[in-house]
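Q: I would like to learn how to read the features of a protein model step by step, beginning with its covalent cross-links. Could you take me through them with the general idea placed before each case?

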Amino acid sequence: MNSTDPSPESRFRPRRSPAPIPEEQKPWQYQILDPGGQVIALWNHILLVTCLIALFLDPLYFYLPSVGGPGCMTLDLHLGIVVTFFRSVTDLFYLMHMVIKFRTAFVAPNSRVFGRGELVMDERQIAMRYLKSDFVIDLAATLPLPQIVIWFVMPAVRSSTADHTNNTLSLIVLIQYVPRLFLMFPINRRIVKTTGVIAKTAWAGAAYNLLLYMLASHVLGACWYLLAVERQHHCWITECMKETNVLFPACSRLFLDCSSLETAERKAWLNFTSVLTHCDPNNNDFRFPYGMFADAFTNEVASAKFLDKYLYCLWWGLKHLSSYGQNLTTTTAVGDTSFCILISIVGLVLFSHLIGNMQTYLASMTVRIEEWRVKRRDTEEWMRHRQLPLELQERVRRFDQYKWLATRGVDEESILHSLPLDLRREIQRHLCLALVRRVPFFSQMDGQLLDAICERLVSSLSTQDTYIVCEGDPVNEMLFVIRGTLESSTTNGGRSGFFNSITLRPGDFCGEELLTWALMPNSSLNLPCSTRTVRALSEVEAFTLRAEDLKFVASQFKRLHSKKLQHAFRYYSHQWRTWGACYIQAAWRRFKKRKLAKELVMHESFYYMPFSDQDGNYNDEAPEEDGGAESSSVDNSNNVQHLGATILASRFAKNTRKGANHKVKMDPSAASLKMPKLFKPDEPDFSAD
């Protein structure tokens, strides 16, 4: 039997289903989109702009009918072509929106107990849910009904006049405008749910609400123009019906269409008719009740160019919407009064909502300034109540002003503490790492240690003449200068006659006593005392590292105990520099003192050396016998004097060398030789535990 033949068990063994393909690896046309993802968020913004454009385009159909001549109406075909083209483009976006909703997942309702919830990725469930919820409204908003009526239905109807076209278009546009308007509200809600706000800036939010208000004025002005043209046409029909059996040729509705403007019958009728006279709003003898629509004919709006009539209608809508229709002159007709009531209600609602939102957005731009102004006013009242000196009041004002210029009233620490730890670490690294590396002592550290230090650095602001720390006070933080200059001075514990002062510039640091305390393996709970007084010479921006944070870093990172950092700390520490300078100065003074003592010994030895015979003659002959006793006595006395001088000179030199090797006791009156002892700074324990 062939071993390659499958066994009976393997034939009936169920095959394993292939592993599901991740959504990212599927072709784009088969992917199921996340409702909270970047693609849907971007599409919602695009669709919102498309909805605004579509809501702006639809009322433009109301401007198609116009007065084309004496007693006739026509349709603006050029405007109809332009509006139809752009409306067809927006219809494509609505159609694409329906397709995307068939491919967009939704959150299961039973999974919203905790967190975001579980997404349903099944295509069938997504389609069934969409068909049962928003499909009908989306389909009604997507259908190109005005295009079909203008370019297909109306040409097929032979009796279609401007009046019929006007009424049909008005009805269709108004019916389809409602689902398009309601479609924008869920899009707006989804954008707020995903991103939190519609506009990222206050100016954009104010402009968005103002645009909605202008859109309402645009719709109101277009409706007013359409009703005005309709009122004019109604007057013509009414007067035409009165002349049906009176004049010859009799008045016909076809005469009111500009398509019959050049016919002979209409020209004959135009010479004898009184329709134009009776329907003239400026005729006081025969006044037709135009009501609020009289301005459209007294100002010749109906027969003007498109741009002129559009701007006038927009101004009319904005004017009466803002004034809630208080200046309208209406008739007793039910339609006119209903339209005025609608204007008042819509104007009140929109003004209170949209303009209120716009004011909120604009007020949010100055909320920080207002809070700072109130806080500053409270500070002024408190300082006057406590009767602080003028100097202290000026320092408080200067600090508040400098803090406002640096932070703009934003509490940076509260913002950082509200973020996750990883994100907070990345932000601190971005803000502090480049500035921290400017400190030479930090430039010697590795990246991990710098990240730990950057995570715990806190920004600090100091105004001019502010004392950061005073000599003898406990040191609770290390200060790393980023901008500005400071003065660091010491009197070595208050000793008289000693003063040392240096200037700290960007890149320097102070409070190195805290590092010594943190690196000690058995450091006490008491903080070290400062050996220097640090005062700000100008406005200073710096980073501070608190004592507990520095202790934590020193205990967790053994890299801080390296010899390389030890040498870097000694080199850049101004306390060690001061001690080294004083040590070198004391050694130099001791050297000068020993050199002076040596020169004094040499001068003394030269002074007491024996002098040679001034005559320069040495007698080799034996002296005479009578002068021998006298000469021997003189020689003995000279030898005794030379011996005593030598002994005294040797003792003086010995005492001088002894005084040079030991501490010289100086006369207090010799102020120029005074050099007080400066104690060596405590050396940090850089050795690992």
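A: A disulfide is here a pair of cysteine sulfur atoms within 2.5 Å, and by this rule the count comes to 2 disulfides. The model is a predicted one, in which local features need pLDDT of at least 70 and side-chain atom pairs count only at pLDDT 80 or more, whereas totals for chains, interfaces and linings use all residues. Residues are numbered from 1 along each chain as its sequence is written, and side-chain values use heavy atoms, with hydrogens and water left out.

Q: How far apart are the sulfur atoms of Cys72 and Cys258, and which parts does this pair tie together?

A: The sulfur atoms of Cys72 and Cys258 lie 2.2 Å apart, and the link is right-handed, with 85° about the S-S bond. Cys72 belongs to strand 2 (residues 72-75) and Cys258 to the loop between helix 8 (202-242) and helix 9 (264-272), so the pair joins parts that are 186 residues apart in sequence. Helices (H or I, at least four residues) and strands (E, at least two) are DSSP runs, numbered from the N terminus.

Q: Are Cys72 and Cys258 buried or exposed?

A: Buried means under 20% relative accessible area, exposed means over 50%, and partly exposed is in between, with a 1.4 Å probe and protein chains only. Cys72 is buried at a relative accessible area of 0%, and Cys258, at 17% relative accessibility, also counts as buried.

Q: What is the handedness of the link of Cys235 and Cys279?

A: This link is left-handed, with -105° about the S-S bond, and the sulfur atoms of Cys235 and Cys279 are 2.1 Å apart. Cys235 lies in helix 8, while Cys279 lies in the loop between helix 10 (275-278) and helix 11 (295-298), so this disulfide ties together parts that are 44 residues apart in sequence. Cys235 counts as buried at 0% relative accessibility, and Cys279 is buried with a relative accessible area of 2%.

Q: How many helices and strands are in the chain, and what share of its contacts links residues 24 or more positions apart?

A: The chain has 24 helices and 12 strands, and buried residues make up 37% of its 689 residues. Contact means heavy atoms within 4.5 Å; among the contacts with a separation of 6 or more, 75% are between residues 24 or more positions apart.

Q: Which residues does Met478 touch?

A: Leaving aside residues up to four places away in sequence, Met478 touches Phe509, Cys510, Gly511, Glu512, Leu514, Leu515, Phe543, Thr544, Leu545 and Leu550. Met478 is found in strand 7 (residues 477-483) and counts as buried at 1% relative accessibility. One of its partners, Leu545, is 67 residues away from Met478 in sequence, with a C-alpha to C-alpha separation of 5.2 Å in space. Another residue that Met478 touches, Cys510, is buried with a relative accessible area of 7%.

Q: What does the chain expose, and which residues make a nonpolar surface patch?

A: Accessible areas come from the Shrake-Rupley method with a 1.4 Å probe, and for residues only the protein chains shown count as cover. The chain exposes about 42,800 Å², of which carbon and sulfur atoms supply 60%. Patches are made of residues with over 30% relative accessible area and no salt bridge, like charges being joined within 9 Å and nonpolar side chains (Val, Leu, Ile, Met, Phe, Trp, Tyr) within 5 Å; a salt bridge is a side-chain nitrogen of Lys or Arg within 4 Å of a carboxyl oxygen of Asp or Glu. Here Ile81, Leu139, Leu143, Leu145, Ile148, Trp151, Phe152 and Val153 make a nonpolar patch of about 690 Å², and its largest share, 5 residues, comes from helix 6 (residues 145-156). Leu143 lies in the loop between helix 5 (135-142) and helix 6, and counts as partly exposed at 37% relative accessibility.
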